[in-house]
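Good morning, and thank you for coming. I would like to take you through one structure, and I ask that you keep the view in front of you as I speak.

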Amino acid sequence: MPKSEVKTSLLDNMIGVGDSVLLEPLTEDTFLENLKNRFDHSEIYTYIGSVVISVNPYRHLPIYTPEKVEEYRNRNFYELSPHIYALADEAYRSLRDQDKDQCILITGESGAGKTEASKLVMSYVAAVCGKGAEVNQVKEQLLQSNPVLEAFGNAKTMRNDNSSRFGKYMDIEFDFKGDPLGGVISNYLLEKSRVVKQPRGERNFHIFYQLLSGGSEDLLKQLKLEREFNQYNYLGLDSAKVNGVDDAANFRTVKNAMQIVGFLDDEVVLVLEVVAAVLKLGNIEFKPESRVNGLDESRIQDKNELKEICELLGQDQAVLERAFSFRTVEAKQEKVSTTLNVAQAYYARDALAKNLYNRLFTWLVNRINESIKAQTKVRKKVMGVLDIYGFEIFENNSFEQFIINYCNEKLQQIFIELTLKEEQEEYIKEGIEWTHIEYFNNAIICELIENNTNGILAMLDEECLRPGTVTDETFLEKLNQVCAVHERFESRMSKSSRFLNDTTLPHNCFRIQHYAGKVMYHVEGFVDKNNDLLYRDLSQAMWKTNHVLVKSLFPEGNPAKMSLKRPPTAGSQFKASVATLMKNLQTKNPNYIRCIKPNDQKAPHVFAEGLVCHQVRYLGLMENVRVRRAGYAFKQPYESCLERYKMLCSQTWPHWRQGSRDGVKVLLTELQIPPEEFSYGRSKIFIRNPRTLFELEDLRKRRLEDLATLIQKIYRGWKCRTNFLLMKKSQIIISAWTKRHFQRKKYLQLKRVTLIIQSYIRGWKARKLLRELKHQKRCEESATTIAAYWRGFQARMEVRQLKEAAMHKHAIAVIWAYWLGYEVRREYRKFFRANAGKKIYEFTIQRIMQKYFLELKKKLPSMSPTEKTWPPRPYLFLDDTHTELKRIFHLWRCKKYRDQFTEQKKAIFEEKLEASELFKDKKALYTNSVQQPFQGDYLEISKNPKYQKLNGAVEENIVLADVVNKINRANGKGAPRIFLLTQSNFILADQKSGQIKSTIPVNDITSVSVSKQTDGLFAVHLKEGSTAAAKGDFLFTSDRLIEIITKLYRTIFFKTNQKINVEINNEFLVQFNQDKVCVKFIQGAQKNGNLPTCKRKNNRLLEVTVP
Ligand SMILES: Nc1ncnc2c1ncn2[C@@H]1O[C@H](COP(=O)(O)OP(=O)(O)O)[C@@H](O)[C@H]1O
Ligand SMILES: [Mg+2]
């Protein structure tokens, strides 16, 4: 079910009575009982008609959630249980929909919840009004102006931990759609005396504590501040910390809020510098100093603080110091400088601190206004929210309380004006029957205070401006003279000695019976505070600083703009601004929130009936209820009423031509609303019960829905019909075009078909004709053909006959020839067989041989003796011949080859051949020697001068000369020797000197022994008994073993014609001296290359290790 259709009422589930107008019976007791009952059930809001009474719960209630906002959005005021949101919604909607500027007036004592209520209103409006980036930024700025102002303008008091110490009125501006455009804030009288002094248990303004707790080390250093509160005289010590308040966190919130509102970083620093300067001013102390002329003078005790302040503000220290010690009075072009005593110096210091802070606060408000002001010039709708200090009664009440309470009197006035007086007066004016209700009108108190001729404020101003000595006492005296007779004024000294014996009233006090109770004011400080004077020397000193912000705060310090005129007093300034405010509020539709404080202890769940009763009384709530009960809930001019509801009656809808009053009558009669529910005034209709109004609204809503349905119906009908006609028209066009298209298509097809049939028929006819013609022609041709064939046939028959005849003739001739041949052969056969066969055979063989040789000649292989190839054999019967020819050819070829050799070369080959016969396949060393040519003389003995002697000793030709290793018979070690072989001897000589060691005739050599291996060891066996054999056989090693032995063998053969024995074996015997020694070859690792190693093992064994 949609939300709007849920039928709810504030009567549903109601605790007590939600709207006091419905209380039965209505007495003060039932009223209070109802408030208490609801308060105990956490229902803190109660209505009196459209006024909201709010009782401070002093605890968090779950009734401010976004869901709640949604619940109250766009609902009728009396539909849901009482809430500030209902009031805010009502105000916002009538602003948006009925174009009425609104103001929300929040009143109540200090700590009753005004500021909270104003924030709730603002946040509700922010939540329900338009959305979008730009709108959201405006909303954020408006909302964030609160924390900034609260930090600088709020403080902890006895009544309230977050008490506003200034009055605030904020206009929120909207466009025609209800989207916020911006705002304007007005501030009223900041309680600046708090800067220098706070009552017991109270604090200075929040910002000082926030800055010291939350500022970073760097920031504090930059501002020349210490973190401890007790360093500063201006900070009350006994309640520096407030329970549940995190100053450091709040400082971050404030800085963030300043940023959102649009303060530049530089500006924030400037502001904090001023705050720091104010704080430090409190630490400047003075000491008395007597002068010769008897005048007292003061001196600054510790100049360090002064120096730091001057550094902060960019001030010349001497200028400020002088401003604290002298006062210049200027009158009629005369300047008189007087020195200040200690008390005056302190006064000057405090005045400067207060002024500086107050002006900073005003600057802040203006700066915020600059940021949040609407950017467009379009007409704006305005909602004003007034949160001003509540009525205050303290133990010691001074000028501030007087001003604050005056302001509250004025607000009560406007409440009375708008709700009580005006309403009653209107009934009378409209001629409605009415019984007057008595209520207390506080206009008389306002008169007492603000009357221009004899009001208290006027007296004070007069006293301040009067020449001569003026003190607070003279002021009181004056009051006693002028106001003594006033019924609301009381004092001990008053002329009518009514209070002469009232000991509760001290002599320096006066008492006023405010609408909210009696308040006693101490006159002390009234004159000063009203004068609000800052010594000119100080403002001039301030103007001289280099600090842009401070300089701009003291424009009157500029000597060029100096005027002798006194500035307006604080009282008259305040009076003027309150008057403006009142005028402003009167142009707007008021909405009231009346805040009530349930107890003095800020405690939840405590409802002090006496305290509440007092507030109910002075707020005039009972009168308020009575007026509401007697009166009418709703009134409206006839014109607008008719305009709004005329659709509910057939006669007035859509146009009513006669007077609107008659129209409304007709309307209400037709709607059958009971006559006691309304009255006809002169220009307005008065509706007694809200419920009647809601009924009307409901009917209107339903009727509007019906009308909407009707309009919708007609529109839809029209739309469908137009659509239908359009479709019909298009359908005809489409069908015409379709028909045309199909006919055309059909026609074209027919045409095509006709053409095809036509062509087929024509073709068929043509072919038929052709066929006939062809047949005719063929008939003609066939006759000719038949004739031709016949003639051909005749001719062929004739030819065949002729051929047969000729053939017969030929056959006879052949047969005859054959017969003759046969006869001849038979006769000659015997001669042929005897000779011819043999001859043919011989001839054939001859021819084949001839051919064979010729071909062989062509295919002969090369002349190289190593060539192995031979052409293949062509005929089997020539097999032997072919092989033989191959052998012969090879021999011949070799002979040819040999014939080229010289004698010398032949000898070399013979030697090689000899070596081959001796060693091939017997000794492994042989294969190596095949490639080596046998040179014989390797040493060139005849040419080498070294061997001259040796050469001389040898007479014959040298067959071989080489160096060999002679193996020592005893130990097997080798020594190099020249080995010379001539035709008849072999000679061993020393290798170095060529000295002949031994000469052995070759005849004495019997045999030679070698191994089968690759080694070069050989033994030369000698004839037993010869001279050479005395020592025994020789053992040598040489790489050229094959050549040496071959040459030795051949030389011995040439010399003796005998072949010596060459033994090839791995084991042989040698004769050493008398011993027969076995030379044994064994395989082993070689130490010195390829040379064999010999080792004499014992007498019988010489071991040779070979690779
Ligand atoms: N609706 C509320 N819900 C919860 N606490 C509230 C409410 N209204 C006021 N308070 C409490 O009362 C204190 C004083 O309220 P405040 O609005 O500052 O009083 P005033 O402005 O009238 O002096 C607040 O700090 C808050 O703790
Ligand atoms: Mg407040």
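Phe263 counts as buried, at 3% relative accessibility. I should say at once that this is a predicted model. The partner of Phe263 is Trp363, and the two form an edge-to-face aromatic pair, 6.3 Å centre to centre with 65 degrees between the planes. Phe263 lies in the loop between α8 (247-261) and α9 (265-281), while Trp363 belongs to helix α12 (residues 342-372), so the pair ties together parts that are 100 residues apart in sequence.

A second pair can be described in the same terms. The ring centres of Phe286 and Phe324 are 5.8 Å apart and the planes stand at 70 degrees; planes over 60 degrees apart count as edge-to-face, so this pair is edge-to-face. Phe286 sits in strand β8 (residues 286-290) and Phe324 in helix α11 (residues 317-325), 38 residues apart, which again links distant parts of the chain. Both Phe286 and Phe324 are buried.

How many aromatic pairs does a search of the whole structure find? The search finds 46. There is also an aromatic cluster made up of Phe399, Phe402, Phe475, Phe489, Phe510, Tyr521 and Phe526. Two rings have a charged group over them. The charged end of Arg203 is placed over the ring of Tyr209, 3.9 Å from its centre, and the charged end of Arg594 over the ring of Phe415, 3.8 Å from its centre.

Let me turn to the nonpolar interior. The largest nonpolar core has 185 residues, and the members that touch the most others are Phe152, Phe324 and Phe510. Helix α12 supplies the largest share of this core, 15 residues. What does Phe152 contact, once its neighbours within four places in sequence are left aside? The residues in contact with Phe152 are Phe205, Ile207, Val271, Val275, Tyr357, Leu360, Phe361 and Leu364. Another core, of 34 residues, lies apart from the largest one and includes Leu981, Val1008, Val1020 and Ala1029.

Helix α6 (residues 206-214) deserves a separate word. Eight of its nine residues are buried, so the helix is largely enclosed by the rest of the structure. Those buried residues are His206, Ile207, Phe208, Tyr209, Gln210, Leu211, Leu212 and Gly214. The elements that cover them include α5 (133-153), β4 (154-155), α7 (217-222), α8, α9 and α12.

Next, the metal site. Which protein atoms are the donors of the magnesium ion, ligand 2? The donors are OG1 of Thr115 and OG of Ser164, which lie 2.0 to 2.3 Å from the ion. Thr115 is in helix α4 (residues 114-128) and Ser164 in strand β5 (residues 163-164), so to speak of this pair is to speak of distant parts of the chain, 49 residues apart. I should restate that more plainly: the pair links distant parts of the chain, with Thr115 and Ser164 49 residues apart. Both Thr115 and Ser164 are buried.

Two hairpins come next. Strand β6 (residues 167-174) runs antiparallel to strand β7 (residues 180-188), and eight bridges join them. Phe174 stands opposite Pro180 in β7. Five residues separate β6 and β7 in this hairpin, and Gly178 in the turn has a positive phi of about 95 degrees. In the other hairpin, five bridges join strand β22 (residues 985-990) to the antiparallel strand β23 (residues 996-1001). Here Asn985 is opposite Pro1001 in β23. There are five residues between β22 and β23, and Gly994 in the turn has a positive phi of about 75 degrees.

I close with some points of backbone geometry. Trp653 and Pro654 are joined by a cis peptide bond, with omega about 0 degrees. Pro654 is found in the loop between α23 (638-645) and α24 (660-670). Gln672, a residue other than glycine, has a positive phi, near 55 degrees. Its loop runs between α24 and β18 (678-680). Is Gln672 buried or exposed? Gln672 is exposed, with a relative accessible area of 68%. Asn1057 likewise has a positive phi, near 60 degrees. Asn1057 lies in the loop between α30 (1041-1056) and β27 (1061-1064), and at 60% relative accessibility it counts as exposed.

Technical notes. Residues are numbered from 1 along each chain as its sequence is written. Chains are lettered from A and ligands numbered from 1 in the order in which they are written. This is a predicted model: local features need pLDDT of at least 70, side-chain atom pairs count only at pLDDT 80 or more; totals for chains, interfaces and linings use all residues. Side-chain values use heavy atoms; hydrogens and water are left out. Donors are N, O and S atoms within 2.8 Å of the metal (3.2 Å for Na, K and Ca); water is not among the atoms, so sites may look incomplete. Helices (H or I, at least four residues) and strands (E, at least two) are DSSP runs, numbered from the N terminus. Buried means under 20% relative accessible area, exposed over 50%, partly exposed in between (1.4 Å probe, protein chains only). Rings of Phe, Tyr and Trp (its six-membered ring) pair if their centres lie within 6.5 Å; planes under 30 degrees apart count as stacked, over 60 as edge-to-face and the rest as tilted. A charge sits over a ring if NZ of Lys or CZ of Arg is within 6 Å of the ring centre and within 35 degrees of the ring normal. Two strands pair if DSSP finds at least two bridges between them. A nonpolar core is a set of buried Ala, Val, Leu, Ile, Met, Phe, Trp, Tyr and Cys residues joined through side-chain atoms within 4.5 Å. Contact means heavy atoms within 4.5 Å.
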